Amino acid sequence: MAAPPPAWQDPEPLALHTAPVPEYGGGSLADLLPTLVSGQGVSVAGGAVIPELTPADRNCVFLIDGLGWQQIKDHPDEAPYLTSLLGTSRGGTGRPITVGFPATTATSLASVGTGLPPGAHGLPGYTVRDPATGALMNQLRWRPWTDPHVWQPYPTLFQLAHAAGVHTAQVSSPTFERTPLTEIALSGGTFHGRLSGEERMDLAAAQLAAGDRSLVYTYYSEVDGKGHKFGMDSDAWRGQVMYVDRLAQRLAEQLPPRAALYITADHGMIDIPFDEQSRIDFDEDWELRAGVALLGGEGRARHVYAVPGAQADVLTVWREVLGEQFWVASRDEALAAGWFGPPERVDERVYGRIGDVVAAAHDDVVITASVQEPRESAMVGMHGSMTPVEQLVPLLEVRS
Ligand SMILES: [Zn+2]
């Protein structure tokens, strides 16, 4: 990453253009399922494929929430099996791909399931403004209620594969069976709720074997959960990494013939120190609050919605105050730079969901909101931005 510009220079061009934009169109999480299902003979309109990835007849995606590429590389003792898949051993290839912006679960899961960048599927953040109501909407919890199919109108790749005769299944926590996020991102075929990780792995393998051509998605959440709560320098987090490493091996050892397992994640994570320099509290900062109607997103990827007429002033102030630690862009700049996907693939219906100003952290800092978001503001591990630690996730392959 380039150093921030000296104070006497106009910071705009560097602050904007040094953001390492996700590799939409062949190197991102959104490109995984289009690659797999087009390899199974399902036609996908306009989908880019990941080069040198050869899907099998039976493809399984195991998504580990919050386990980025760097986290695996840094923890070979906790994750010996996943570490063994990082290179080109075991008949597969292990490589990093980018997740998309922001690097957050709702956005990434929607990218996985639809094969679309955030600017097209329309879940461009943890919380975003609903232009129809003017209120913030939480994309993970789907609050307040909004018609899921109006919010995200595209079919999922699971639905397309299922309609084309591919045996399609999702194996995840029963909690997610009927959520709107599952509905618009991860539905198509049959959803199987299982409480334990072991049960999920065993059932995913069985579902994979249930069709000549099959597509199975399975998921584990608690690496992310423990990272948020305790940080990555904790026994709780390391214990989860050890557990999920064994889950991955358990699934890999049960692969039926003609199968490939792809282990990936929705984002990485960064531990944020508890001090005033690292945690800038929006709710206590009159300068950052001036002219702001709504604060959306999350600590490392903020959507800032300005009071009408104040957009330019808010951009100027946010850049002045945060420009050395954040990439700060207007909506038009962020869209033109491709933060939310190639500009031509961003839907107009999504524009108003994106902040008038978008701030993405490049240092180990966050913008908390102690009053509006007490729970999120107390988290140790955070994610959302475009740094390699957050963006790069594993794409590890095991073939039977
Ligand atoms: Zn998370």
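**Surface, salt bridges and zinc site**

In the predicted model, Arg258 is partly exposed, with a relative accessible area of 40%. This value lies between the limits of 20% and 50%, and therefore Arg258 counts neither as buried nor as exposed. The residue is placed in the loop between helix 12 and strand 8. The backbone at Arg258 has a phi near 55 degrees, a positive value in a residue other than glycine.

The side chain of Arg258 meets that of Asp212 in a salt bridge, with an N to O distance of 3.9 Å. Asp212 lies in the loop between helix 10 and strand 7 (214-220) and Arg258 in the loop that leads from helix 12 to strand 8 (259-265), so this pair ties together parts that are 46 residues apart in sequence. Asp212 is exposed, with a relative accessible area of 59%, whereas its partner Arg258 is partly exposed at 40%.

A positive phi also occurs at Glu52, which is not a glycine and has a phi of about 60 degrees. Glu52 is located in the loop between helix 2 (32-39) and strand 1 (58-64). The relative accessible area of Glu52 is 74%, and the residue is therefore exposed.

The count of salt bridges comes to 14. One of them is formed by the side chains of Asp202 and Arg250, at 2.8 Å from N to O. Asp202 belongs to helix 10 (residues 197-209) and Arg250 to helix 12 (residues 235-252), so the contact ties together parts that are 48 residues apart in sequence. Both side chains are in part accessible: Asp202 is partly exposed, with a relative accessible area of 28%, and Arg250 counts as partly exposed at 34%.

Another salt bridge joins Arg302 and Glu373, whose closest N and O atoms are 2.8 Å apart. This pair links distant parts of the chain, with Arg302 in strand 12 (residues 301-306) and Glu373 in the loop between strand 15 (366-368) and helix 17 (374-377), 71 residues apart. Arg302 has a relative accessibility of 0% and counts as buried. Glu373 is buried as well, with a relative accessible area of 10%. Elsewhere, salt bridges that share partners join Glu78, Asp233, Asp235 and Arg238 into one network.

The zinc ion is coordinated by two OD atoms of Asp224, NE2 of His228 and NE2 of His383, at 2.1 to 2.5 Å. The angles among the four donor atoms run from 54 to 155 degrees, and the site is irregular. A tetrahedral assignment would need all angles to lie between 85 and 135 degrees, so the site does not qualify as tetrahedral. Along the sequence, the donor residues are spaced D-x3-H-x154-H. Asp224 lies in helix 11 (residues 222-230) and His383 in the loop between strand 16 (381-382) and helix 18 (388-391), so these two donor residues tie together parts that are 159 residues apart in sequence. Asp224 and His383 are both buried.

Helix 11 also holds Lys229. In contrast to buried Asp224, Lys229 is exposed, with a relative accessible area of 60%. The C-alpha atom of Lys229 is separated by 35 Å from that of Asp332, a residue 103 positions away along the chain.

Two cis peptide bonds that precede proline are described here. The bond from Phe101 to Pro102 has omega near -10 degrees, and Pro102 is placed in the loop between strand 2 (94-98) and helix 5 (105-114). The bond from Arg143 to Pro144 has omega near -5 degrees. Pro144 is likewise in a loop, between strand 4 (136-138) and helix 7 (148-151).

The structure holds one cavity of 30 Å³ or more, and the volume of the largest cavity is about 30 Å³. Its lining consists of Tyr24, Gly25, Ser28, Ala30, Asp31, Gly115, Pro117, Pro342 and Arg345. By class, these lining residues comprise four nonpolar, three polar and two charged residues.

Key
Residues are numbered from 1 along each chain as its sequence is written. This is a predicted model: local features need pLDDT of at least 70, side-chain atom pairs count only at pLDDT 80 or more; totals for chains, interfaces and linings use all residues. Side-chain values use heavy atoms; hydrogens and water are left out. Donors are N, O and S atoms within 2.8 Å of the metal (3.2 Å for Na, K and Ca); water is not among the atoms, so sites may look incomplete. Four donors count as tetrahedral if all angles lie between 85 and 135 degrees; four count as square planar and six as octahedral if opposite donors are over 155 degrees apart and all others between 65 and 115; anything else is irregular. Helices (H or I, at least four residues) and strands (E, at least two) are DSSP runs, numbered from the N terminus. Buried means under 20% relative accessible area, exposed over 50%, partly exposed in between (1.4 Å probe, protein chains only). On a 1 Å grid over the protein atoms alone, a cavity is a set of points where a 1.4 Å probe fits but cannot get out, and a pocket is an open set with protein on both sides within 12 Å along at least five of seven lines; lining residues have an atom within 4 Å of a point. Grid points are joined across faces, edges and corners, and a volume is the space filled by probe spheres set on the points. Ala, Val, Leu, Ile, Met, Phe, Trp, Tyr, Cys and Pro count as nonpolar, Asp, Glu, Lys and Arg as charged, and the others, Gly among them, as polar. A salt bridge is a side-chain nitrogen of Lys or Arg within 4 Å of a carboxyl oxygen of Asp or Glu.
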